[in-house]
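Trainee: Hey, got a minute to walk me through this one? I'd like to start with the ligands.

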Amino acid sequence: MQPLLFFASVLPTALAKVYTNPLQLPYRQYDFVVVGAGPGGSVVANRLSAEASNTVLLIEAGPTDDVLPIVHIPFLCTTLAPDTAVTWNYTTVPLPGLNNRSIPYPRGRVLGGSSSINYMAWTRGPQSDFDRYAAVASDPGWSWNAVRSLAKSIEGMVPPADGHNTSGQILPSIHGTRGPVKFSVQGYPSELDSRIFATTEELPEFPYNEDQNSGNPLGIGWGQYAIAGGTRTSAATAYLAPILSRPNLDILVNTQVTKIVQTGSESGVPIFRGVQFAASPTSEVHELHVMREVIVSAGAVNTPQLLMLSGIGPATHLKTLGIEPVVDLPDVGQNLQDHPLMPNVFAVNSTSTWDNLARNASLSTADLAQWEANRTGLFTSSPSLEMGWLRLPSNATIFQTEADPSSGPHSPHYEFFFAETFLSYVMPAPATGNYMLVASNVITPTSRGSITLASKNPFDPPVIDPALLNSAFDIFAVREAMKAVRRFVAAAAWKGYVISQVEALNEATTDEELETYARNNAGTVFHPVGTAKMAPRDSEDGVVNPDLTVKKTMGLRVVDASIFPFIPGAHPQFQVYLVAERASQLILTGS
Ligand SMILES: Cc1cc2nc3c(=O)[nH]c(=O)nc-3n(C[C@H](O)[C@H](O)[C@H](O)COP(=O)(O)OP(=O)(O)OC[C@H]3O[C@@H](n4cnc5c(N)ncnc54)[C@H](O)[C@@H]3O)c2cc1C
Ligand SMILES: *[C@@H]1O[C@H](CO)[C@@H](O)[C@H](O)[C@H]1NC(C)=O
Ligand SMILES: *[C@@H]1O[C@H](CO)[C@@H](O)[C@H](O)[C@H]1NC(C)=O
Ligand SMILES: *[C@@H]1O[C@H](CO)[C@@H](O)[C@H](O)[C@H]1NC(C)=O
Ligand SMILES: *[C@@H]1O[C@H](CO)[C@@H](O)[C@H](O)[C@H]1NC(C)=O
Ligand SMILES: *[C@@H]1O[C@H](CO)[C@@H](O)[C@H](O)[C@H]1NC(C)=O
Ligand SMILES: *[C@@H]1O[C@H](CO)[C@@H](O)[C@H](O)[C@H]1NC(C)=O
Ligand SMILES: *[C@@H]1O[C@H](CO)[C@@H](O)[C@H](O)[C@H]1NC(C)=O
């Protein structure tokens, strides 16, 4: 839909402890500095400052989350990127897997980080993901059994915005109700709902799952979203807004950390207990030291960038840019994984899909007015609806030549999500007609991309190569997922509603045609992870130890989406909150 440039009346977060200029900082030294205020950094800043004896400074490159009121309006999330006051307006390199298309690659640049611009899907993923993290890191502390109580403590389940009876749509017993991340079952009815669930009764291939967050996500179910009272829950609303009065926490916004500084060494191991930061490329650079730790939570794109700018990374790459390597860690920036998003669009027999909103301003004005009046209506909802988590059959031909990349038998290879709208990255939205989107996204990609530096200037964007659809498995999976979408909408439940599949895909039938279509049309679900991956303490591989300390350094940890050795089989924000909760415990207990 078109960007809607209006200002809604959202109450700004109280800003008592938020400084906008480095010169305003009351102290020159803290126990901890946390870099970046996404789900990783916001949790750590909150949990560390819960102990009154710790002084904590959280530095965020972007502004506070009241600069764009639409941050708080769930349905308008798609208008927050790629190029707004709350984003890093990044673009990928030409991607061979996408026929050399470069695609927008925005990240949140605001308090809350990408959780302030994301689509709010709240998905825990398969429990075997955590068991695999425990296995590859040689640390049982990451296993599902070890972290499951943390999962519940993060969550604050609330009723959906429309107040409907959610019995049978979620299993309340497995969720927390008192935690900071307020979430709910999708809260506005869609004309797709009844057809989606009728299909689960008709086709055994697509079973109903009463709660996809049980540890076994497989099947089709109601979406759960980080939305409460009709507004977005972000890391900033959940973990920062409630603690702004803590005297031992300072938050500095509009300020970019440009380097982590070596402050000494112990037994030949470099100590990194300093940061440099600046408000802009032309403003003064400030430096500040910590007593205990620097925690880097700048996200899977900016964390490796900042490490490399600080001399921590692949030594040969750093030298070519004129950066003196301090710690040779070849895996910094490598192992980038992301979920390719494959739109499948169908013309539908309807007059009321969301397509109309972008065409008729008075409709969206009415929805906005309703949201403002009492936080009800369509705008309380994410523009994505139900989700499905599905596996390739075990006899799929790809498994004759490739190992199964999923973490276990309840771990999905691909995802469906539904929306009442046209979506294409290459075709303009049609002026007429009504549409349905069934995205079919690869969830266990075997492609591996990278983040590298373009220069040693911290204000230059890094080189981003998510390597989408760059492996035989990924192409196989995206094709099979597209075929599964066709089987889904061929169910009797869609008779008289689905008219036809839109244009090119309609004609693509052979595997070769489907592959060509996928390469020409896929995008990203915006889930980069893995660029500072965790590996066993005694291993030369990886960037961080199982306690998330950076290998071959002292005083430095990474706590964000960079640390995953494998991409979660889910939308990853829940997993990042969980990683940050456990990391906070590790820091506080000193283990
Ligand atoms: C458009 C979009 C839609 C998404 N939809 C979903 C979804 O529906 N469900 C889901 O689970 N996940 C979704 N995600 C992914 C999810 O939001 C991320 O996985 C999650 O936010 C990652 O958390 P993080 O803390 O690692 O990084 P981020 O949330 O990206 O936070 C990093 C923060 O660090 C700051 N920073 C970076 N560099 C510096 C620096 N040098 N100095 C100071 N600050 C710095 C950034 O400005 C940012 O605020 C989506 C992401 C996007 C972009
Ligand atoms: C955002 O990125 C796009 C694509 O590279 C570019 O055309 C545009 O100018 C950028 N916007 C800003 C404000 O730099
Ligand atoms: C993509 O670019 C590379 C390098 O320029 C080139 O070798 C390749 O043929 C291109 N692929 C397509 C499909 O255009
Ligand atoms: C919700 O629906 C269930 C099942 O139909 C029913 O047992 C329950 O009483 C309902 N709850 C409310 C509050 O109406
Ligand atoms: C736009 O929506 C309004 C409100 O529902 C309706 O009255 C009007 O006829 C619509 N305009 C067009 C061109 O469809
Ligand atoms: C909310 O406001 C809309 C009009 O803006 C109204 O139609 C609706 O009944 C109100 N809902 C509640 C629950 O007050
Ligand atoms: C896999 O098994 C199913 C059911 O047994 C069968 O219908 C299908 O043809 C098999 N597929 C392949 C590729 O062997
Ligand atoms: C569209 O739906 C109506 C009923 O809502 C039905 O009468 C009509 O035949 C349908 N049209 C098509 C093309 O399926």
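Trainee: So how many residues surround ligand 1, and which are the closest?

Mentor: Keep in mind that this is a predicted model. In it, 38 residues surround ligand 1, and the closest are E60, S114, A121, V257 and Q573.

Trainee: What kinds of residues are in that shell, nonpolar, polar or charged?

Mentor: A mix: the shell around ligand 1 has 18 nonpolar residues, 16 polar ones and four charged ones.

Trainee: OK, and which atom of N118 lies 3.0 Å from an oxygen atom of ligand 1?

Mentor: That one is a polar side-chain atom of N118. With A121, a backbone N or O atom sits 2.9 Å from an oxygen atom of ligand 1. A561 also uses a backbone N or O atom, 2.9 Å from an oxygen atom of the ligand.

Trainee: How much of ligand 1 does the protein bury?

Mentor: Taken alone, ligand 1 exposes 1,000 Å², and the protein buries 98% of that.

Trainee: Which elements give two or more residues to the shell around it?

Mentor: Those are α1 (39-49), β5 (107-108), β13 (256-261), α6 (299-309) and α13 (573-589).

Trainee: Let's stay with α6 for a sec. Why is it largely enclosed by the rest of the structure?

Mentor: Because ten of its eleven residues are buried. Among the buried ones in α6 are A300, N302, P304 and L307.

Trainee: And what follows α6?

Mentor: G311 follows α6, and the phi of G311 is positive, near 85°.

Trainee: Switching topic: which residues surround ligand 2?

Mentor: D83, N89 and T91. A polar side-chain atom of D83 lies 2.8 Å from a nitrogen atom of ligand 2. For N89, a polar side-chain atom is 2.5 Å from an oxygen atom of the ligand, and for T91 the distance from a polar side-chain atom to a ligand oxygen atom is 3.3 Å.

Trainee: How much of that ligand gets buried?

Mentor: On its own, ligand 2 exposes 360 Å², and the protein buries 29% of that.

Trainee: Last thing, the open sheet. What's the order of its six strands?

Mentor: The order is β8-β22-β23-β24-β21-β27, with antiparallel pairing. At the edges are β8 (219-221) and β27 (498-501), each pairing on one side only. From one strand to the next, the twist averages 20°.

Trainee: Over how many bridges do β22 and β23 pair?

Mentor: Four: β22 (residues 387-390) and β23 (residues 414-419) pair in the antiparallel sense over four bridges. If you want a spot to look at, W389 stands opposite E415 in β23.

Terms used. Residues numbered from 1 in each chain as written. Chains lettered and ligands numbered in written order. Predicted model: local features only at pLDDT ≥ 70, side-chain atom pairs only at ≥ 80, totals over all residues. Heavy atoms only, no water. Near = heavy atom within 4 Å. Polar contact = N/O pair within 3.5 Å; in protein donor to acceptor, adjacent residues only side chain to side chain. Areas by Shrake-Rupley, 256 points an atom, 1.4 Å probe, with all protein chains shown as cover. Nonpolar A, V, L, I, M, F, W, Y, C, P; charged D, E, K, R; others polar. Buried < 20%, exposed > 50% of the residue type's maximum accessible area, 1.4 Å probe, protein only. Pairing = 2+ DSSP bridges. Axes fitted to C-alpha atoms, helices over the stretch in contact; angles between N-to-C directions.
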